Amino acid sequence: MTLSQQIPVATLGVPRIGRRRELKFALESYWSGKSCAAELLATAKALRAASWEEQRDRGVSKIPSNDFSLYDHVLDTAAIVGAVPSRYAWNGGEVPLDIYFAMARGNQGQTGNRDSGREPAASPALTAMEMTKWFDTNYHYIVPELDDDQAFTLSSTKPVDYFLEAKALGIHTRPVMLGPVTFLKLAKSPVEGFNPLALLPRLLPVYEQLLRRLKFSGADWMQIDEPALVLDLNPNERAALEFAYGQLSKAAPELKIMLATYFGPLGDNLETAISLPVAGLHLDLSRAPEQLEMAGRLAPKDLVLSLGLINGRNVWRANLTAILDRIKPIVAGWPLDRVEIAPSCSMLHVPIDLRMETVLDANIRSWLAFAAQKTDELVILARALSQGRDAVAGELKASDEAAATRATSTKVHDPLVEGRIADINGAMKQRKSAFAERSRVQARTLGLPPFPTTTIGSFPQTPQVRKARSAHAKGQLSYVDYETFLKKEIEAAIRLQEEIGLDVLVHGEFERNDMVQHFGEQLSGFAFTEHAWVQSYGSRYVRPPIIFGDVSRANPMTVRWWQFAQSLTQKPVKGMLTGPVTILNWSFVRDDVPRSEVCRQIALAIRDEVTDLERSGARMIQIDEAAFREGLPLRKCDWKVYLDWSVECFRIASTGVKDSTQIHTHMCYSEFNEIIDAIAELDADVISIETSRSAMELLDVFTSSKYPNEIGPGVYDIHSPRVPEVAEISALLMLARERLSDGQLWVNPDCGLKTRKWEEVRPALINMVAAACALREKQQAELARLL
């Protein structure tokens, strides 16, 4: 059977960072002024070409284009449709790179435009747009900002340009773009009460122009992503989808639309999706395999169903025989032109190629598949369905053997860990006293001033720090010399914090490569890679650990470095840990047991560490749960189960301490409104959150819910390369003070500072402390007037 007679294979989207992180280095070179726009764009073009050619060579027949982005695909969509907030002083036309990056990162002000070579007048410092998590992933997107009088205009032909770029290489692609309804549903508006979805009639003409241009350029299909279809939608939102695709289907009738949904089941939105006038529908059959049968029964016979059979979000090798056994009876008899084989979602969320991992344990390696290997699995499934299993007998046998080996491996199962899980009891999930009593004890013990200042934990991972860590890992720097280097870095950080006047110090985490990996490397059941990078946001890439087996802790992980840092100062130094839910959500998690069980295992290991820190003298211990909300299921009916076991795991980790020990936690970009009860149930003494980009709006729910514990709302955005002025921080503190009582309020940055430079961190923290001191003086003056 020829390829043309075979079921098509689609990839939906692939990693854009490059095997050697070429995009990261090109971006950071451009941002630092070491290279020009032309060099950055040349690197990007080469990455796109290599990706298209590789997919073609592996047998992909529906190759995506426009899945590539310099920073974020949602930001790209905003730039394409001209949704640029007024503060960026965009005057129409194509959005320049420096404005594009200012929208993503903010800036400290500019004196020239490196895109054009001209020297315009100096521009003021600009704040970035808000950033938050993409559905329930660890990928961050830039939140579109839309006014009620928003106008849209086609400001970039990027989808067309990339289609033509691939066409010039002899590769026919299927352009990809975020759908209009999801784009508007993810947006926010500064106008209170305004729903951006009301802008749909203004936005659709821009999409229609793109469809017509793509058809004119030779495209025959376009993939439009509407992951909002897996959310709880109200009748108006379903009507918006019907209206949108009714319009788009008329714009270029000959251009077929593949409507892509992912991250879960369509559920009660399935009938809406199937009724839309599109040529194809993609289903996530990894998370929701049960929806295939109903979709097959309800779908019109001419609707192409794209079957998301391979998990695009995890790294485990698929059991191909099991997949075929599950779907073959359903698709039997379907014409080949009614089916596509695809991953569950874009493979943006997985590493690029397992072949680069040359030192990974051979058994564990045999259980894994990264984007390249997942592409191969798709092709195998397509051949099996098209030509019969005999055509891929060898590949299926290898898949079966890997599944069997993993299921029986002694590396995976530890009876001692299973015994500890069985022994968890109610007393292990409860602090000894309520917060009101604990807080009085802690106030006497710690003696902090009003509006205490601190940081979230990490300090800049300078080139010197990274170089020393790399040299030590390669055996080029001895253990003793590396220890000496780290001690000097920690002491310098402690002295700087004392000089600046911070009230609660941190040791800086210079010995840590990553807030999850550092702990995973000291726990059983974790495996680590050398090159398995995935994008978190912009040029921030991470290498998530792989949890392959039962988790336990053999020895203390952080006590020694905390003791050294505390020995240098009389001020309290926080013990810094990553919480069990975040370790779980920021790892590739085993799929052979429930996630809740894995989380309880991690919680017990962290509990052991908390106990050891307290025994060593730590009076404050921060257990970061940056990813607590991102694991929340997308459907509200599933929330309670997740929140129950997530809260339980945090409490297992945190409650085995005295009342005098203050437990902190930190949460990253999140909307807390609908989970505030669960946040309160964590019962952390102090929670720090990221609020600067939202101008303290995220605090409103803490106010309305009468949240009793202490809160550190971030007063400056650490993801932006700018130093906030004292007045800016003071203004945010006043907004926070309107929402919180003085006794609740801490002063801290939005997040950890490892990605920033010391020349940014030092002045920013000086300004932050100055703002806190000014607020203390204001409070004293107010009290004096009352007396």
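**Figure 1. Surroundings of R87 in the loop between helix 3 (73-80) and helix 4 (97-105).** Helices (DSSP runs of H or I, at least four residues) and strands (runs of E, at least two residues) are numbered from the N terminus. The structure is a predicted model in which local features need pLDDT of at least 70 and side-chain atom pairs count only at pLDDT 80 or more, while totals for chains, interfaces and linings use all residues. Residues are numbered from 1 along each chain as its sequence is written, and side-chain values use heavy atoms, with hydrogens and water left out. R87 has a relative accessible area of 32% and is therefore partly exposed; buried means under 20%, exposed over 50%, and partly exposed in between (1.4 Å probe, protein chains only). Apart from neighbours within four places in sequence, R87 is in contact with L126, T127, A128, M129 and E145, where contact means heavy atoms within 4.5 Å. L126 lies 39 residues away from R87 along the chain, with 7.5 Å between the two C-alpha atoms. The R87 side chain forms polar contacts with the side chains of Y88, at 3.1 Å, and E145, at 2.9 Å. A polar contact is a pair of N or O atoms within 3.5 Å; within protein, one must be able to donate a hydrogen and the other to accept it, and residues adjacent in sequence count only if both atoms are side-chain atoms.

**Figure 2. K158 in helix 5 (residues 158-168).** With a relative accessibility of 12%, K158 counts as buried. Its side chain makes a polar contact of 3.1 Å with the side chain of D76. Not counting residues up to four places away in sequence, K158 touches N66, F68, D76 and I80.

**Figure 3. Packing of helix 5 with helix 7.** The axes of the two helices are 9 Å apart and enclose an angle of about 15°; axes are lines fitted to C-alpha atoms, for helices over the stretch in contact, and angles run from 0 to 180 degrees between N-to-C directions. Helix 5 and helix 7 are therefore roughly parallel, given that angles under 35 degrees count as roughly parallel, over 145 as roughly antiparallel, 65 to 115 as roughly perpendicular and the rest as oblique. Their crossing is right-handed; a crossing has this hand if the near helix is turned clockwise from the far one by less than a right angle, and is left-handed if anticlockwise. On the helix 5 side, P159, V160, F163, L164 and K167 meet L210, R213, L214 and S217 of helix 7. By class, this contact has 6 nonpolar, 1 polar and 2 charged residues; Ala, Val, Leu, Ile, Met, Phe, Trp, Tyr, Cys and Pro count as nonpolar, Asp, Glu, Lys and Arg as charged, and the others, Gly among them, as polar.

**Figure 4. Packing of helix 7 (residues 200-217) with helix 8 (residues 235-251).** The angle here is about 30°, and the axes are 9 Å apart. That makes helix 7 roughly parallel to helix 8. The two helices cross in a right-handed manner. Helix 7 contributes L200, P201, L204, Y207, E208, L211 and R212 to the contact, and helix 8 contributes A240, F243, A244, Q247, L248 and A251. These residues comprise 10 nonpolar, 1 polar and 2 charged.

**Figure 5. Packing of helix 17 (residues 463-473) with helix 18 (residues 479-500).** The axes lie 10 Å apart, at an angle of about 160°. Helix 17 and helix 18 are therefore roughly antiparallel to each other. The crossing of helix 17 and helix 18 is left-handed. From helix 17, Q464, V465, A468, R469 and H472 take part in the contact; from helix 18, Y479, Y482, F485 and E489 do so. The contact residues divide into 5 nonpolar, 2 polar and 2 charged.

**Figure 6. N767 in helix 27 (residues 758-786).** N767, at 15% relative accessibility, counts as buried. A polar atom of its side chain lies 2.7 Å from the backbone oxygen of P724. Leaving out residues up to four places away in sequence, N767 touches V723, P724, E725, V726 and I729.

**Figure 7. Positive phi values at R21 and K706.** R21, a residue other than glycine, has phi near 60° and is placed in the segment before helix 1 (22-31). At 21% relative accessibility, R21 counts as partly exposed. K706, likewise not a glycine, has phi near 55° and belongs to the loop between helix 25 (700-704) and strand 19 (710-713). K706 is exposed, with a relative accessible area of 69%.
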